[in-house]
Each structure stands twice: as structure tokens, then as C-alpha cells.
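Subject: Structure for your review

Dear colleague,

Please find below the structure I promised to hand over. I should be grateful if you would read the notes with the model open beside you.

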Amino acid sequence: MAVYTHLSADDIDAFVSHYGVGKLVSAKGIAEGVSNSNWIIETSAPDGDSERFILTVYEERTNTDDLPFFLDLLDHLSAKGCPVPRTIHDASGAAYREIEGKAAALIEYLPGVSIDRPSVDQAKAVGCALAGIHLAASDFSDSRVNDLGPAGWRGLLQQCDGAALGEIDPALPELVDAKLGQIERDWPDHLPTSIIHSDLFPDNVLMLADQVSGLIDFYFACNDMSAYDLAVAHVAWSFSGGGGEFHRDIGDALIEGYESVRALTDQEKAAMPLLCQGAAMRFIATRAYDWLNTPAEALVTRKDPMDFANRLRFYDEAGANAFPFVQQAGTANR
Ligand SMILES: Nc1ncnc2c1ncn2[C@@H]1O[C@H](COP(=O)(O)OP(=O)(O)OP(=O)(O)O)[C@@H](O)[C@H]1O
Ligand SMILES: N[C@@H](CCO)C(=O)O
């Protein structure tokens, strides 16, 4: 569940009254998500039309200093026609205001369903939408450093000492020891960069049939390698069963969709096996940290780091064979 902040109907009513979006009709807390508190808000305008919005209250994980970057980015991408929710501004023009001492924003509601098991056509559409935001953000004037790059993973993993990692799974300390230094050493520094989403998991994409109707949750967006963003999506979308089963058709479709909008360079293609291993390490690091630091009484379902340990091992072993860039024989659906 993700409603950490208690808001009364009067609190929400008072908040909404600053936005010129009509009268509050209903507000329901949203159970999905782990970082921030979210509600679906319905309002009615004087002409009787009703409208929906998302009210997000930013909790500890989102640094308020970064909000202008995140919220301006939503407005920029939405204005350029990307399927991204725009921010509703209050009567003074502000993109966020305070509620119960925390920053909060009213965001456009987008229709659609998050899907667990994408079809090939859906995966293509996701790749296409991802490349679309990379291109559309090229003239966005603000920037943000990726604090969850290799140095950030090491920082988080060092805070979980080896013994604690071993309590999650006896094989985890050895995997981290074997792979982290190697990924850091080989991490590319010359690939094309853009603003990236950096967390494009299925639960951050809304779909209507085969169309992407919404890309949401830009609260890890930053400047980094465009191909790393594609690697995150590849690692997040192409597996089922706790990361044990690789769906080659889905991985290939993501890349095909991406390349239908923005062609990858040869260097980006060559880097994909390493970028995917790095992406897997990123989610091992954040999940292991959260696993060990989430209080037992917290009403949040912890996410298993081992799902991404399995994916890291897969990319390590498969190398270039996990991607459609080289001719292969007999490697479908490994
Ligand atoms: N603009 C939107 N339009 C429609 N639904 C939305 C929108 N934004 C969020 N939601 C809904 O709210 C849920 C939680 O939102 P979100 O993923 O941003 O929460 P979070 O706690 O910040 O995320 P995370 O767990 O990935 O850190 C989503 O799964 C989706 O169902
Ligand atoms: N998408 C992430 C959570 C937010 O970083 C995960 O599944 O671990």
C-alpha cells in the first residue's frame, strides 16, 4: 500500500480549492506504489463535467529540491505530445504546494492499465514511447545527475554489509563481489546521453490495448546514457517467474520499437550486455537496501533482490546472444 500520509476530506478539499478545477467530489487512496502517497481525485466543474486527477504527496524518498526538475519535465514532455501526465498548476502558477508539511502536486489522470505480461506488440509500443521521450527531452533546459549510477549502487551495497546480504541469500555477497567491480571498471562513458526515465518497469506504463496511454513515475529521471534506459526496460520487461525465464521475443520487440524511433549506434549495441548487467545491479542494490532497512511493521511489500540476481547471471552468461544484433542459431526463448 502506498498512502503514508493521513489526509482528511477537508484537507483534500482545501488543497484542491487552490487549483480552479471545480469542487471535490471524491478522493480514494491508491494502494499501488511504494515511494509516495497517491490518491485519485474526482472534481466537478460548474457545468457539471467531472474530471479526475492524481494527488501525490511526496514522501522521504523524493527530494523536494528535485521537484521542479521532475514536474517541469512532465510538462515539457506532455507539451511535446508524449503520453506523460502534465502537472496542474495552482492559481499562483506553482506546480506544487504544501499539505501537512509535505510537498504535494496535482497531476493529470491518464487512462490505461499496467500490464504484467506484455505482448510483443505492447513491448514494441513501450520501446517506441521510450525513444520518444529521449528525443522530446533533447531541448529540456534543466538537468539532474543520476545518483543511482555505479557509485550509488556501491554506496547502497556497502551500507548492507556482506553478512546482511548473505541473510537475503547465501549466494548474493559472492555475486556482488564478482560483478560490481567489473561492471564499474567497464562502465561506458562515451555513449549518447539524454534525459532518461531510469525506472521504466511495467507498473510505470499504462496501456490501452496495444497503445501506451501513459508513462508515469518520473521520480528517478535524470541525465544519463539513453541506451542504459533501454537496458533498464529490457531487464524489467523481458523476464517472468522471478527472473528465471527470459522472453527473447519481448526483449527483441522492445529494441525493435525503440529503434523504429531512434537508431542505436554500433557502440550502444555492443554495450547492451554490460548495460543490462548494470541495470540488474542497480535493482539488486536498491532492493537489498530496502529489504534490510524496511521496518517490519511498514505496510509495504518488499521487492526481492534475487529476481535481479537471476537476471544479472543471465546477461553475464548470455552476453550478446540475448540481443537481436548478431545472427544466432537456435537461441529463441532461452
Ligand atoms: N497520472 C496518472 N494517471 C493514472 N494513474 C496514475 C497516475 N499516476 C499514478 N497513477 C496510479 O498510481 C499508482 C502509483 O503511482 P506511482 O507508481 O507513481 O507511485 P510511487 O509510489 O511513486 O511509485 P514506485 O512504487 O514505482 O516508486 C500507479 O500504479 C497508477 O495506478
Ligand atoms: N522499479 C523498482 C522500484 C523503484 O525503484 C523495483 O522494482 O525495484
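The notes below set out what was found, element by element.

Please bear in mind that this is a predicted model.

Annotation. The UniProt record, an unreviewed entry, places the feature "domain: Aminoglycoside phosphotransferase" at residues 27-264. Over that stretch the chain is 36% helix and 22% strand, and the C-alpha atoms at its two ends are 44 Å apart.

The strands E1 to E3. Strand E1 (residues 23-29) pairs with strand E2 (residues 37-44) in the antiparallel sense, through six bridges. Within this pairing, Ala27 stands opposite Ile41 in E2. E2 is also joined to strand E3 (residues 50-57) by eight bridges, and these two strands run antiparallel. Here Ile40 stands opposite Ile54 in E3. E2 and E3 form a hairpin with five residues between them; in the turn, Gly48 has a positive phi of about 90°.

Helix H2. Helix H2 covers residues 67-79. Its 13 residues, at 1.5 Å each, should span 18 Å, and the end C-alpha atoms are indeed 18 Å apart, which agrees. The buried residues in H2 include Phe70, Leu71, Leu73, Leu74, His76 and Leu77. Among the elements that cover them are strand E4 (87-88), strand E6 (102-108), H3 and E7. Just after H2, Gly81 takes a positive phi of about 90°.

Helix H7. How does the setting of helix H7 (residues 226-237) appear, enclosed or open? Twelve of its twelve residues are buried, so H7 is largely enclosed by the rest of the structure. Those buried residues include Ser226, Tyr228, Asp229, His234 and Trp237. They pack against helix H3 (120-136), helix H8 (248-259), helix H9 (266-293) and helix H10 (306-318), as well as strand E7 (193-196) and strand E10 (222-225). As for its length, twelve residues at 1.5 Å each should span 16 Å; the end C-alpha atoms of H7 are 17 Å apart, which agrees.

Ligand 2. Which residues are found around ligand 2? They are Asp199, Phe201, Phe283, Thr286, Arg287 and Lys303. By class, this shell has three charged residues, two nonpolar and one polar.

I would be glad to receive your comments once you have looked through the model.

With kind regards

Technical notes
Residues numbered from 1 in each chain as written. Chains lettered and ligands numbered in written order. Predicted model: local features only at pLDDT ≥ 70, side-chain atom pairs only at ≥ 80, totals over all residues. Near = placed C-beta within 6 Å. Nonpolar A, V, L, I, M, F, W, Y, C, P; charged D, E, K, R; others polar. Pairing = 2+ DSSP bridges. Helix = DSSP H or I, 4+ residues; strand = E, 2+ residues; numbered from the N terminus. Expected span 1.5 Å × (residues − 1). Buried ≥ 20, exposed ≤ 12 C-beta atoms within 10 Å, placed from the backbone. Contact = placed C-beta atoms within 7 Å. UniProt positions renumbered as here; feature names shortened; annotations may be inferred.
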